[in-house]
Amino acid sequence: MTVYGTPAPAETVPRRPRRGPRLLFALVALLLIGTVVVVEVYTDAGFSPDGTTPRDSATGDVPATVQDGGPIIGMDNGKPTSRRMPARTIALTFDDGPDPTWTPRILDVLAKHHVPATFFVIGSEVARHPELARRITSEGHEIGAHTFTHPDLARLSQWRKQLENSQTQLAIAYATGRETALLRPPYSSTSDALTDDDYATVRAVGAQGYLTVLDDLDSQDWRRPGADRIVQNATPKSDEGAIVLFHDAGGDRGQTVAALDRLIPLLQQRGYRFSTVTGQANPEAGTAEVWRGRALAWTIRGSDGILRLLWALLILAGGLIVIRTLILFVFSISHARRRRSPTWSWGPEVNDPVTIVVPAYNERETIVPAVTSMTRSAHPDVSVLVVDDESTDGTAEALEEIGNIRVVRIPSGGKARALNTGVALSSDDLIVMVDADTMLLPDSVHKLVQPFADPRVGAVAGNVKVSNRRGLIGKWQHIEYVIGFNLDRRLYDTFGCIPTVPGALGAFRRKALDDTRGLSTGTLAEDTDLTLAIQQKGWRVVYEENAVAYTEAPATPRQLWRQRYRWSYGTMQALWKHRHGHFGRTRIPFIALFSVVLPLLAPLIDLMAVYGLIFLDRRITLLGWLAMLLVQTITAVLAFRLDHESLRPLWTLPLQQVVYRQVMYAVLLASALAALTGRRLGWQKIRRTGDFSAAPSG
């Protein structure tokens with residue numbers, strides 16, 4: 001007697017998993033994602049252009065020397081000072097940059113007319129575009145601070161104000177090797193528009209050594225009123241000097257560029273000279289500030305890169321979901337219509353003898369009703385062989401009162417070895433493998449073996465349904481089974497690449513099992529491993545949707561996790577094992593794309609949905625998520641209709657998307673991590689309750 005499969009070598013015996021590396025990896029991943037979110041939320045805070053926020057007119061604390069003074073305000077020994085630009089001297093100032101599109105164009109105009117200017121930059125944008133800040137200083141322009149993220153400083157706490165300004169200094173130091181003593185608070189305007197809160201900010205930053213630079217003239221280019229109007233707004237009404245406010249970021253600045261190209265020659269003809277605010281170059285920054293700024297910039301740019309990658313992967317996941325849905329609909333409906341055609345047939349009726357092999361390990365709760373259902377098979381010649389893998393709960397004893405079955409007890413060796421033993425002990429050419437927690441309908445076996453009328457068929461996958469559907473977990477798994485078996489398996493059947501003949505109900509031709517030397521003990525998904533191996537040998541594996549079985553699904557979250565963890569891990573093992581050969585090169589990538597890659601990417605949809613609900617446009621984000629739910633619902637309705645199932649359980653689908661799907665994501669990610677780290681898993685027994693309430697009686 002030949003029994004295929006051998007026990008695992010001593011050095012590969014499964015051992016208790018070490019949680020340290022997994023926990024560390026998970027913590028690092030969470031920290032990375034958390035850092036990306038925090039950095040992106042902080043640095044990408046949306047803002048409106050300067051001057052658009054109305055101000056309270058109260059000025060009780062603002063001294064007359066400031067309110068009626070010039071736009072350059074400082075503190076000298078605690079006393080405010082203010083000054084203006086010299087007569088007929090213009091300081092062009094630009095806020096909210098640097099911007100990769102508009103800052104270079106504005107610099108080109110300034111270079112064309114040999115005019116210096118002062119750029120009040122946002123620190124986070126300097127970190128993202130250091131080359132632009134470097135160009136600003138190298139071409140003789142002056143840089144001032146405009147905070148790190150463009151908040152209203154008057155509404156911030158003191159520590160946040162200091163953080164905004166210090167981080168901007170670090171970014172400027174990294175990009176240019178210089179520092180600045182100029183600060184323009186966002187949403188500021190002219191000195192006579194300062195409120196008490198604004199002036200408190202001016203005093204606070206003045207105490208830190210900053211000069212607050214407001215403006216005399218607002219070009220109002222942020223309104224985009226047209227180049228003519230911008231020129232008019234930026235032209236002094238007398239011969240006094242002026243600081244003029246423009247923007248080099250925050251939207252389309254084409255009108256600003258056109259207006260500057262006209263304004264500068266016009267003022268030069270009127271005898272105006274152009275200068276930076278201080279008329280001096282920015283002083284050099286210390287080495288420590290440069291290096292600290294470099295670390296800050298790398299953090300921001302790294303977070304930007306990761307977020308861009310996440311968005312790209314999200315688009316990829318969305319595209320794959322759309323493609324998968326379309327091909328599921330097209331090929332599944334075509335598959336169903338073809339099978340229901342009056343002319344459809346596998347060939348001559350198959351009535352050959354069949355041996356049902358049932359591997360069992362501590363299955364006392366379910367083994368009796370399961371085996372009893374097998375003995376009632378309508379197939380003409382069926383024998384039932386139970387292989388007891390050294391159970392300790394009286395599994396074999398529970399079967400003593402059932403007639404017409406054989407029970408074989410073997411030393412413990414695992415499910416694959418138990419099945420191989422059953423195959424070796426049977427003499428029939430057709431083998432049906434059924435789990436000990438699965439109930440069959442009287443016609444299940446007969447319908448399952450009909451595809452063997454085609455001599456090219458080596459294995460047949462049955463249609464497995466969840467028997468315990470009373471709780472939410474049961475209903476969710478029921479939905480998952482119906483969709484998976486009725487759409488995915490129809491699709492894989494059409495393309496000739498069914499990944500798994502389920503252990504709950506599958507039929508095999510002995511010759512196909514001989515070609516593959518039976519089930520392997522090298523992977524945890526022995527059914528997937530065997531299915532792929534049979535197809536590697538050139539046999540067809542098909543799906544027979546009319547052969548129905550009912551199996552008990554895990555009833556608790558812990559049991560569900562253990563089962564799916566093992567399935568996911570074993571599937572990855574099997575796909576990697578069979579990646580070579582013609583079948584591996586032509587079919588495994590297709591299977592892996594939709595069974596591994598897409599599920600691994602799918603969590604991004606929910607992750608970015610949460611991100612969008614908190615930080616982006618909530619309405620658009622919610623509509624996008626609801627659109628994905630609609631796709632899932634339509635897919636589920638199609639699957640349930642094809643399988644003649646009641647639509648009633650689908651009321652739980654939205655909750656399944658929010659809760660159950662996240663658990664499955666976590667399982668798949670944990671399994672992928674285990675596979676990448678090479679950690680082995682042992683056999684994980686699922687505790688059964690014997691609930692076959694959804695299975696038809698009799």
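Which strand and which helices each supply at least two residues of the lining of the largest cavity? I began with this question, and I noted that strand 11 (354-360), helix 13 (415-425) and helix 17 (526-536) each do so.

**Ground rules.** I am reading a predicted model, in which local features need pLDDT of at least 70 and side-chain atom pairs count only at pLDDT 80 or more, while totals for chains, interfaces and linings use all residues. Residues are numbered from 1 along each chain as its sequence is written, and side-chain values use heavy atoms, with hydrogens and water left out.

**Cavities.** I looked up the enclosed spaces, a cavity being a set of points on a 1 Å grid over the protein atoms alone where a 1.4 Å probe fits but cannot get out, with lining residues having an atom within 4 Å of a point. The structure holds two cavities of 30 Å³ or more, and the largest has a volume of about 90 Å³, where volume is the space filled by probe spheres set on the points, which are joined across faces, edges and corners. I found 15 residues lining the largest cavity, with L419, M433, G503, L519 and D527 nearest its centre. Helix 17 gives the largest share of this lining, three residues. By class, the lining divides into ten nonpolar, one polar and four charged residues (Ala, Val, Leu, Ile, Met, Phe, Trp, Tyr, Cys and Pro count as nonpolar, Asp, Glu, Lys and Arg as charged, and the others, Gly among them, as polar).

**Strand 11.** I then followed strand 11, keeping in mind that helices (H or I, at least four residues) and strands (E, at least two) are DSSP runs numbered from the N terminus. Seven of its seven residues are buried, so strand 11 is largely enclosed by the rest of the structure; buried means under 20% relative accessible area, exposed over 50%, and partly exposed in between, with a 1.4 Å probe and protein chains only. In a regular strand the side chains alternate between the two faces of the sheet. Here V354, I356, V358 and A360 are buried on one side, and T355, V357 and P359 on the other.

**Its partners.** Strands count as paired if DSSP finds at least two bridges between them. Strand 11 pairs with strand 12 (residues 382-388) in the parallel sense over seven bridges, and I356 has V384 as its bridge partner there. Four bridges join strand 11 to strand 14 (residues 430-433), and these two also run parallel. I noted that T355 has a bridge partner in each neighbour, S383 in strand 12 and I431 in strand 14. The open sheet has eight strands in the order 13-12-11-14-17-16-18-15, with mixed pairing. Its edge strands, 13 (405-409) and 15 (438-440), each pair on one side only.

**Backbone oddities.** Most residues other than glycine have a negative phi, and most peptide bonds are trans. I found that the peptide bond from G97 to P98 is cis, with omega near 0°, and that P98 lies in the loop between strand 3 (89-97) and helix 3 (102-112). D96, in strand 3, has a positive phi near 80° and counts as buried at 3% relative accessibility. Q220 has a positive phi of about 55° and counts as partly exposed at 28%.

How values were computed: On a 1 Å grid over the protein atoms alone, a cavity is a set of points where a 1.4 Å probe fits but cannot get out, and a pocket is an open set with protein on both sides within 12 Å along at least five of seven lines; lining residues have an atom within 4 Å of a point.
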